[in-house]
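Let's walk through this one together, starting with charges, then rings, then the greasy parts. Keep the viewer open as you read.

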Amino acid sequence: MGKFFNNRWILLLVITLTWGSSFILIKKSLVAFTPYEIGAIRIVGSGILLAIIGIPAIKKMTKKTLLWVTIVGFFGNFLPMFLFPIAQTQVSSSLAGILDSLVPVFVLIFGFLLFGIKSKMSQVVGAVIGFLGAASLIYFSDANTEGSQFGYAMLIVLAGASYGINAVVIAERTSEVKAVELTAAVYTIWAIPAMVILYFTGFIQNFEMKPEYVEPLGYLGFLTIFGTAIAMLLYYKLIQNTSAVFASTASYLLPIVAVIWGIIDGEKFTIWYVLGGILILIGIYLIREKKVDPNLVPRT
């Protein structure tokens, strides 16, 4: 099992399948819950599940480390949890998955702007090609004609930028924190403000279990446990075992999974999905890095 979770390609595949399915799960959850309820429940639920690990982890952190962990949590575990469901009130799940593929581009940009990290030319080319693949899907696919508002689509782009900052900060400032402790700590910290938001939505005071809530609540529960807590744990481990750039390539595969779920849910399929997907896969090939020396990999 240890070898399984230390294999970066297996981790990448599991994360891709899990997060790629998150967009359709958000869509299904929006049938009964508001975007703010969905975001807050995901964070609070994950915080409660992981508090038993998170609280001891927080106590032993230095003030400087705790500051960076808090920043990591805001950009990767708090802000995007609200941006995606808000955007998906107007944007299809397929388009949301497609736009999320911009994360590796933001990783390269913020890696350079914040920490002066220089990328290889092949990685830059790969990011550009992957972006072009996503852009072609957006422009030529039916998702572009569904009447989605530009402002809501930009919320997903903002979420991608947020994930980009999150990834480079993890790699540069929190690599000494074990993945399990990092995941648990950020959700424990941000569960408190999320609980406040959940209270002001009226969910805590007014929720009543109704038959029409059963199915959406099941989707939201799965999204919270697997798409939030467990997937984020694996993502942090992948970043620490490889790099922010490699881990962010999961975002290139997310649109493919999201589109497949969209088709199953009745969305149309065109040749542009194939052509865009091929460009994205080429981007992944170019942006990937050589295998890391096992002796240099942080033990998590």
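A residue is called buried when its relative accessible area is under 20%, exposed when that area is over 50%, and partly exposed in between. Glutamate 181 has a relative accessible area of 18%, so it falls on the buried side of that cut-off. Keep in mind that what you're looking at is a predicted model.

**Charged pairs**

How many salt bridges does the structure hold? There are three, and here they are side by side.

| Salt bridge | N to O distance |
|---|---|
| Aspartate 265 and lysine 27 | 2.7 Å |
| Aspartate 265 and lysine 28 | 2.8 Å |
| Lysine 60 and glutamate 181 | 2.8 Å |

Take the bridge between lysine 60 and glutamate 181. Lysine 60 sits in the loop between α4 and α5, while glutamate 181 belongs to helix α10, so the link spans 121 residues of sequence. The two ends have quite separate surroundings: lysine 60 is exposed, at 57% relative accessible area, whereas glutamate 181 is buried.

Now for the other two. Aspartate 265 is in the loop between α14 (250-264) and α15, and its partner lysine 27 is in helix α3 (residues 22-29), 238 residues away. Lysine 28 is in helix α3 too, and its pairing with aspartate 265 ties together parts that lie 237 residues apart in sequence. Since the bridges share a partner, Lys27, Lys28 and Asp265 end up in one network. As for exposure, aspartate 265 comes out at 31% and is partly exposed; lysine 27 is partly exposed at 30%, and lysine 28 is partly exposed at 26%.

**Aromatic rings**

A search of the whole structure turns up 15 aromatic pairs. One of them joins tyrosine 36 and phenylalanine 82, a tilted pair with 6.4 Å from centre to centre and 35° between the planes. Tyrosine 36 comes from helix α4 (residues 35-59) and phenylalanine 82 from helix α5 (residues 63-87), so this pair connects parts 46 residues apart in sequence. Is each ring buried or partly exposed? Tyrosine 36 is partly exposed, with 45% relative accessible area, but phenylalanine 82 is buried at 7%.

Phenylalanine 78 and tryptophan 190 make a tilted pair as well: their ring centres are 4.8 Å apart, with the planes at 35°. Phenylalanine 78 is in helix α5 and tryptophan 190 in helix α10 (residues 179-201), so the pair ties together parts 112 residues apart. Both of these residues are buried. Zooming out, Tyr36, Phe74, Phe75, Phe78, Phe82 and Trp190 form one aromatic cluster.

**Nonpolar core and surface**

Which residues have the most contacts inside the largest nonpolar core? That core has 75 residues, and the answer is Ile43, Tyr235 and Tyr236. Looking beyond its neighbours within four places in sequence, tyrosine 236 is in contact with Val72, Asn77, Asn166, Ile170, Ala179, Leu182, Thr183 and Val186.

There's also a nonpolar patch on the surface, of about 990 Å². Its members include Met121, Val124, Phe131, Leu132, Ile271, Leu275 and Ile282. Helices α8 (121-140) and α15 (271-287) each supply at least two residues of the patch. Isoleucine 282 is one to click on: it's in helix α15, and at 38% relative accessibility it counts as partly exposed.

Methods
Residues are numbered from 1 along each chain as its sequence is written. This is a predicted model: local features need pLDDT of at least 70, side-chain atom pairs count only at pLDDT 80 or more; totals for chains, interfaces and linings use all residues. Side-chain values use heavy atoms; hydrogens and water are left out. Patches are made of residues with over 30% relative accessible area and no salt bridge: like charges are joined within 9 Å, nonpolar side chains (Val, Leu, Ile, Met, Phe, Trp, Tyr) within 5 Å. Accessible areas come from the Shrake-Rupley method with a 1.4 Å probe; for residues, only the protein chains shown count as cover. A salt bridge is a side-chain nitrogen of Lys or Arg within 4 Å of a carboxyl oxygen of Asp or Glu. Helices (H or I, at least four residues) and strands (E, at least two) are DSSP runs, numbered from the N terminus. Buried means under 20% relative accessible area, exposed over 50%, partly exposed in between (1.4 Å probe, protein chains only). A nonpolar core is a set of buried Ala, Val, Leu, Ile, Met, Phe, Trp, Tyr and Cys residues joined through side-chain atoms within 4.5 Å. Contact means heavy atoms within 4.5 Å. Rings of Phe, Tyr and Trp (its six-membered ring) pair if their centres lie within 6.5 Å; planes under 30 degrees apart count as stacked, over 60 as edge-to-face and the rest as tilted.
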